[in-house]
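Colleague: Before I rely on this model, I should like to hear the reasoning behind the terms used to describe it. Please set each value against its criterion.

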Amino acid sequence: MTTPNFVSTPAGRAPVVAKTEVVVVGGGPAGISAAVSAGRNGASVTLVERYPYLGGLASGGMVLVLDDMHNDTEISVRGLCMELIDRMHARGLCVYPPEADRHPDARLTEEVLRRWTRWGMFDFHTHTKPHPVIFAAAFDPDGFKQSSLDMVGEAGVQLRLHSWFTSTIMEDNRAAGVLVHTKEGPQAILGDVIIDASGDLDVAASAGASYTDGSFIVTTVSRMGGVDVDEAERFQYEEPEKFLEIDREAKRIIKGSWDYWWLRTPLPGIVWCNCPHMTGYDGMKVADLTAAEFDGRNRMQALLTFARANVAGFQNAYFVDFAPQTGVRQTRLLEGEYVVTKKDVMDRVHFSDSVCRGRDYYTPYRALMPKTIDQLLVAGRHYSVTPQAQKLSREIPPCMAQGEAVGIAAALAVNAGITVREVDSRAIQKQMRTQGADPGDVPAANALVTEAA
Ligand SMILES: Cc1cc2nc3c(=O)[nH]c(=O)nc-3n(C[C@H](O)[C@H](O)[C@H](O)COP(=O)(O)OP(=O)(O)OC[C@H]3O[C@@H](n4cnc5c(N)ncnc54)[C@H](O)[C@@H]3O)c2cc1C
């Protein structure tokens, strides 16, 4: 008997388990912000997440530095992102450089560089080295999960974990809800506005929105414990030639890394390994994601063996954990009302309908909205952007800022009984400012001012 190519499944009926004004899919940085922001602005909100925790790549992917939020001497992403930083800091689970160390007179001094470089708190966008110290925040993944849960709970958001989005419920051209797969079987969640914060554009793609297939390096992130971090730093600064030779070999073993293959974390003796860089894996494909897990772990096991034998401070190192979520940086990207280009990001092009900012670039409301689908907004790494531009504008803080902006937009729409397309971007900007966030309505001194097309 030959194996069939397809099997038929019973369609079945899905019970409606929730009906709220706003439904957010994806409990990562963008989705948390969107849900909290919509909830605080008076909308009833359901937040759907496939895993048993919040934070997405920030916690489950163990991406442990919040960066891309500092422009020259200003912190350009504030609002909910900064609130989360403050909450983690209050728990002793977040570390960032004080203002004095970010001052132009101090940030390139040897003492300050040595204090913060191994925390990953330097401006890697500058073309000259050493990179100056900037504001960024190193955090603990469980601190992110707990603080997010607190914020979502306090905002009155109905949280539905263990719910895997499967398809968008459409009424003509309007997104009207989502179907999720659960241990109890399929369930339906209905809403007036749907926000796609899945990172992979699952909801918008299912709704029929146009998108581009992007891809970038994939990483199996890990943490090592038992590291004498002070000794490792001493080795780097006091035996620079030997350090460079050994460090080069470490990076050769894993076949690709940023400048620093380990960084400090708020937990003593535990370092973050944001490596290896692996190419050729599609973050949407089961076989690729499975192969990446073997590949990444093998490379890192070889690195651990080498580090124990050769890297000062790593003699007793061991793996604490590998991130439960594979480090996928880019997959589907929306082709929305406006597609942000690399030139827009690099030239710091300002848009009059900018509703949020990253480091020194601006996101127009139109880049968070699909062209043809109504009542659907997107936020996060799958926003409407070219693949090249996404590589420069995908970090956690700007994704949180996007979430905060679309959460406001959704609440403004339901409160006023209008569509999200009809929401005036100036009203979003105003509320972003009220929430302590920077919508980018006033271009920074180094922005290239243009009018919205
Ligand atoms: C290895 C790596 C290193 C990085 N380094 C940094 C760094 O140093 N600093 C920095 O700021 N950023 C860094 N980034 C980028 C940053 O982590 C991401 O761009 C950011 O987390 C995107 O946030 P998001 O909310 O858009 O998506 P995600 O973090 O991917 O969150 C999406 C959420 O949606 C959920 N979801 C997805 N599909 C479904 C579904 N079908 N049903 C239900 N739920 C679903 C996921 O479980 C997840 O919780 C890095 C990324 C990677 C991969």
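Colleague: What makes the four strands an open sheet, and in what order do they lie?

Modeller: The model is predicted, and in it the strands run in the order β15-β16-β14-β17 with antiparallel pairing. The sheet is open, and its edge strands, β15 (263-264) and β17 (318-322), each pair on one side only.

Colleague: How do you know that β14 and β16 are paired?

Modeller: Pairing requires at least two bridges between two strands. Strand β14 (residues 222-225) and strand β16 (residues 271-273) share three bridges in the antiparallel sense, so they count as paired. Across this pairing Met 224 stands opposite Val 271, and Ser 222 stands opposite Cys 273.

Colleague: What is the corresponding evidence for β14 and β17?

Modeller: Four bridges join β14 and β17, again in the antiparallel sense. With at least two bridges as the criterion, this is therefore a pair as well. Here Arg 223 of the sheet faces Asp 321 in β17.

Colleague: Why is Gln 435 called buried?

Modeller: A residue is buried if 20 or more other C-beta atoms lie within 10 Å of its own. Gln 435 has 20 C-beta neighbours inside 10 Å, and therefore counts as buried. Gln 435 belongs to the loop between α13 (425-434) and β24 (448-449).

Colleague: Which residues does Gln 435 contact, neighbours within four places in sequence aside?

Modeller: Gln 435 is in contact with Gly 79 and Glu 404; a contact requires C-beta atoms within 7 Å. The C-alpha atoms of Gln 435 and Arg 40 are 9.9 Å apart, although 395 residues separate the two in sequence.

Colleague: What makes the largest nonpolar core a single core, and which residues touch the most other members?

Modeller: A core is a set of buried residues of the nonpolar kinds listed for it, joined through C-beta atoms within 7 Å. The largest such set holds 127 residues, of which Val 24, Ala 35, Ile 195, Leu 377, Ala 379, Ala 409 and Ala 410 touch the most other members. Helix α12 (residues 396-416) contributes the most, with 13 residues. At least three residues of this core come from each of domain 1 (16-62 + 145-215 + 332-449) and domain 2 (217-328). A second, separate core has five residues, among them Val 218, Met 278, Tyr 281 and Ala 292.

Colleague: Which residues does Ile 195 touch, not counting those up to four places away in sequence?

Modeller: Ile 195 touches Val 22, Val 24, Val 25, Ala 34, Leu 377, Ala 379, Val 406 and Ala 410.

Colleague: How many residues of each domain take part in the contact between domain 1 and domain 2?

Modeller: Six residues of domain 1 are in contact with nine residues of domain 2. On the side of domain 1, those residues comprise two nonpolar, three polar and one charged. The centres of the two domains, taken over C-alpha atoms, are separated by 32 Å.

Colleague: Why is the ligand said to lie between the domains?

Modeller: Domain 1 and domain 2 both give residues to the shell around the ligand, so the ligand lies between them. Of the 40 residues around the ligand, Gly 26, Gly 28, Gly 56, Gly 199 and Gly 380 come nearest. Elements giving two or more residues to the shell include α1 (29-40), β9 (164-171) and α12. By class, the shell has 18 nonpolar, 12 polar and 10 charged residues.

Definitions and conventions:
Residues numbered from 1 in each chain as written. Predicted model: local features only at pLDDT ≥ 70, side-chain atom pairs only at ≥ 80, totals over all residues. Buried ≥ 20, exposed ≤ 12 C-beta atoms within 10 Å, placed from the backbone. Domains from an automatic or database assignment. Contact = placed C-beta atoms within 7 Å. Nonpolar A, V, L, I, M, F, W, Y, C, P; charged D, E, K, R; others polar. Near = placed C-beta within 6 Å.
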